[in-house]
Amino acid sequence: MVTFIIRRLLISTVLLFLISVVSFFIITLTPGSPYPWGELNPKISPQVKEAFKKKFHLDRPLYEQYWLNMKGLFSGTLTSIKDDRPVLDRIGERLPATVRLNVLAIVISLTFGLLLGVYAARHAGTLPDLLTSILAFVFIALPGFWVSNLIVIGLVKFTDAPILGTQTYGTDFPNLVSLWLDQFWHLALPAMVLSIGGIAVQSRYIRASMLETLREDYIRTARAKGLGDDVIFYKHALRNSIRPLITGIGGLLPALIGGSVIIETIFAYPGLGRLGYEAVLERDYPTLVALNFIVAALVLLGNLISDLLYAVVDPRVRLE
Amino acid sequence: MTAAPPLPSRNATASSGPGRRSLARFRKNPVGVTAAAIVGLLFLVALVTGIGACFGVYFPYDPNATNLAQKLRAPDAAHWLGTDNLGRDVLSRLLNGSYISLTVGFIAVAVSLSIGVAVGAVSGYLGGWVDNVLMRIVDAILCFPTFFLILTAVALLGPSIINIIVIIGLVSWTGTARLVRAEFLTLRESEYVRAARTLGQRSPAIIFRHILPNAAAPIIVTAVIGIPDAILTEAGLSFLGFGVQPPQATWGNIISDGKTYFLDAWWLIVFPGLAIFVAALSFYLAGDALRQAAESRSERK
């Protein structure tokens, strides 16, 4: 176990290095410049331009820029081109909101995916199974930005429900409970829209996994013992079918963070996705470099944790 | 003894027995047939409007003709799906946008399929350190949040239709590569591949003539399912303003332009969204029906 973790951490470090190099060059080699003024703006004196370039190391060769960016990231001195604040602060203040949103979205995806998948598997081959399958594909095919726009605009038009941001602004909350309720309400809609696709994908996995388990020898044994269908299904098959869900969690993370770019933009939700979107618009290289690095690190960590969890729930899996 | 008898080629497997039986099973699946029919219809519409646009022939109106006197008209007999804030006919723009969506879908999948099949085949067939290196690269790519990566690249390189297609293709091949690799890992140990190798066939011939045709079914299914993924990604990019640029209509940018006026003009968002949804759903359902048809074939073996 310990050697497995150490080996995985080493591999992850190498991967993370590769990712940081590739993302750095994707960001910096593309045409265009990060200057907050037009390249040919005559009102900016050459001295100011030079000072700006020097400050953000834009006058150095690329490999040196990479090294300085990484050094700055790890020592916390890397600052954003946009507002000159340390990028770690900018990311740090957005991180809790993103984590809340994604954790809730994952919980919703898993719960409803499980229910839908188990229901479909229990009725495999019948009309309800067909309908849930179609429903799953309906969920996957719904464009998230379209649904959220319809929801936002519908709510604005027909109710006065507050839906943008993380909480209702300009309100004094009498106590913590009402603040939390308000925050939860702001979180619930984006999380629900974000998990639509996840519910569908998880339900398909669960269904496939259940049907595979039902073909196992021990299920035949249980049936031969004379156990009822429901006992076999819910007690024997279900427990062994939900294990693949755990590995699925690691894979859900990058998709959720990517998907939340659009959802966070629509719901004006201050998370990492929107920070990234703004940084792309502003060509804020340091923020983009740091963001790519931290997100990749989170994903690698998520993968490691889900592998470890998998070994814990399934003793047959040997980590080597 | 003369030259070795030719082993069954791609054509032989595709036109006889199992392939045809899969197709027959597919025809018995009403959901799959309906979905495939809608896909066919979309394809036809896209083809006709695409060719028409080349010759300046539009139906029912010119999609880019503005008429401020007619702006934001609700759906009526003259404009079936209403008009937008510049008085452009929404139905014409939807039809005109259809070939953009399908082109992006098909070509992006062609790009990702070529890379995915090549990497997966080499990785699965050769194994060893080549396999190790290629699969670690796949792992690294999977760590990026895909949509964000696409957005960054498109935003920085400039949102032209070619950039969008190539970038979507370049980031979405990892799933295909893993799938093809898994198929190759099993198939390369099979009797007929060993036989081909014993007969002195070279690796490229074995890969392309013997293994690949037998891995065709899952690859086709991935391709069909990849098309709506690409269509949805393009629509999302268009929505954020990084898709194919106006005045060219796409399903995503009609929604993006229309969201400002939505409180007065629901038709600007509802219809293009429905178009994306119906197109994506039909591809997914058709792909799933194909998968079922192909799978029951292998189960019976």
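Among contacts in chain B between residues at least 6 apart in sequence, what percentage join residues at least 24 apart? The share is 71%. The model is predicted, and this report takes chain B, the interface and then chain A.

**Confidence**

The predictor assigns the complex an ipTM of 0.82 and a pTM of 0.85. Chain A has an average pLDDT of 82, with 91% of its residues scoring at least 70. Chain B averages 84, and 92% of its residues score at least 70. Within chain A, helix α5 (residues 127-141) has the highest confidence, at 91. Helix α10 (residues 243-266) of chain A has the lowest, at a mean of 74.

One stretch of chain B calls for care. Over residues 7-15 of chain B, pLDDT stays under 50. The model has ten contacts beyond four places in sequence for that stretch. Where pLDDT is low, predicted coordinates should not be read in detail.

**Chain B and the core**

Chain B has 13 helices and zero strands. Its C-alpha atoms fill a box of roughly 85 × 45 × 35 Å along the principal axes. Of its 301 residues, 44% are buried.

The largest nonpolar core has 147 residues. Leu151(B), Ile276(B) and Ala280(B) touch the most other members. Helix α13(B) gives the most to this core, with 18 residues. Ala280(B) reaches across chains: it touches Ala141(A) as well as Pro228(B), Ile231(B) and Leu232(B), leaving aside residues up to four places away in sequence.

**The interface**

How many residues of chain B are in contact with chain A? There are 36, and they meet 34 residues of chain A. Four helices of chain B give two or more residues each to this side: α5 (128-143), α6 (146-157), α11 (216-240) and α13 (267-300). By class, the chain B side has 28 nonpolar, four polar and four charged residues.

Ile19(A) has contacts in both chains. This residue sits in helix α1 (residues 2-29) of chain A. Beyond four places in sequence, Ile19(A) touches Ala296(A), Ala140(B) and Cys143(B). Is Ile19(A) buried or exposed? Ile19(A) counts as buried because it has 23 C-beta neighbours inside 10 Å, and the cut-off is 20 or more. Thr159(A) is 140 residues from Ile19(A) along the chain, and their C-alpha atoms are separated by 45 Å.

**Helix packing in chain A**

Two helix pairs of chain A are set side by side here.

| Helix pair | Axis separation | Angle |
|---|---|---|
| α11(A) (residues 272-282) and α12(A) (residues 285-313) | within 9 Å | roughly 150 degrees |
| α8(A) (residues 217-224) and α9(A) (residues 229-241) | 11 Å | about 145 degrees |

The crossing of α11(A) and α12(A) is left-handed. On the α11(A) side, the contact is made by Leu272(A), Leu275(A), Gly276(A), Ala279(A) and Val280(A). On the α12(A) side, Thr287(A), Leu288(A), Leu291(A) and Val295(A) take part. This contact has seven nonpolar, two polar and no charged residues.

By contrast, α8(A) passes α9(A) in a right-handed crossing. Tyr218(A), Ile219(A), Ala222(A) and Arg223(A) of α8(A) meet Ile232(A), His236(A) and Ala237(A) of α9(A). The classes here are five nonpolar, one polar and one charged.

Why is α11(A) described as largely enclosed by the rest of the structure? Eight of its eleven residues are buried, so the rest of the structure largely encloses it. Gly273(A), Arg274(A) and Tyr277(A) are among the buried residues. So are Leu272(A), Leu275(A), Gly276(A), Ala279(A) and Val280(A), which also contact α12(A). Just after the helix, Arg283(A) takes a positive phi of about 50 degrees.

**A partly exposed lysine**

Lys53(A) lies in helix α2 (residues 46-55) of chain A. Lys53(A) is partly exposed, with 15 other C-beta atoms within 10 Å. Past four places in sequence, Lys53(A) touches Leu58(A) and Asp59(A). Between Lys53(A) and Val118(A), 65 residues apart in sequence, the C-alpha to C-alpha distance is 58 Å.

Methods
Residues numbered from 1 in each chain as written. Chains lettered and ligands numbered in written order. Predicted model: local features only at pLDDT ≥ 70, side-chain atom pairs only at ≥ 80, totals over all residues. Axes fitted to C-alpha atoms, helices over the stretch in contact; angles between N-to-C directions. Left-handed = near helix turned anticlockwise from the far one by under 90°. Contact = placed C-beta atoms within 7 Å. Nonpolar A, V, L, I, M, F, W, Y, C, P; charged D, E, K, R; others polar. Core = buried A, V, L, I, M, F, W, Y, C linked by C-beta atoms within 7 Å. Buried ≥ 20, exposed ≤ 12 C-beta atoms within 10 Å, placed from the backbone. pLDDT = per-residue confidence, 0-100.
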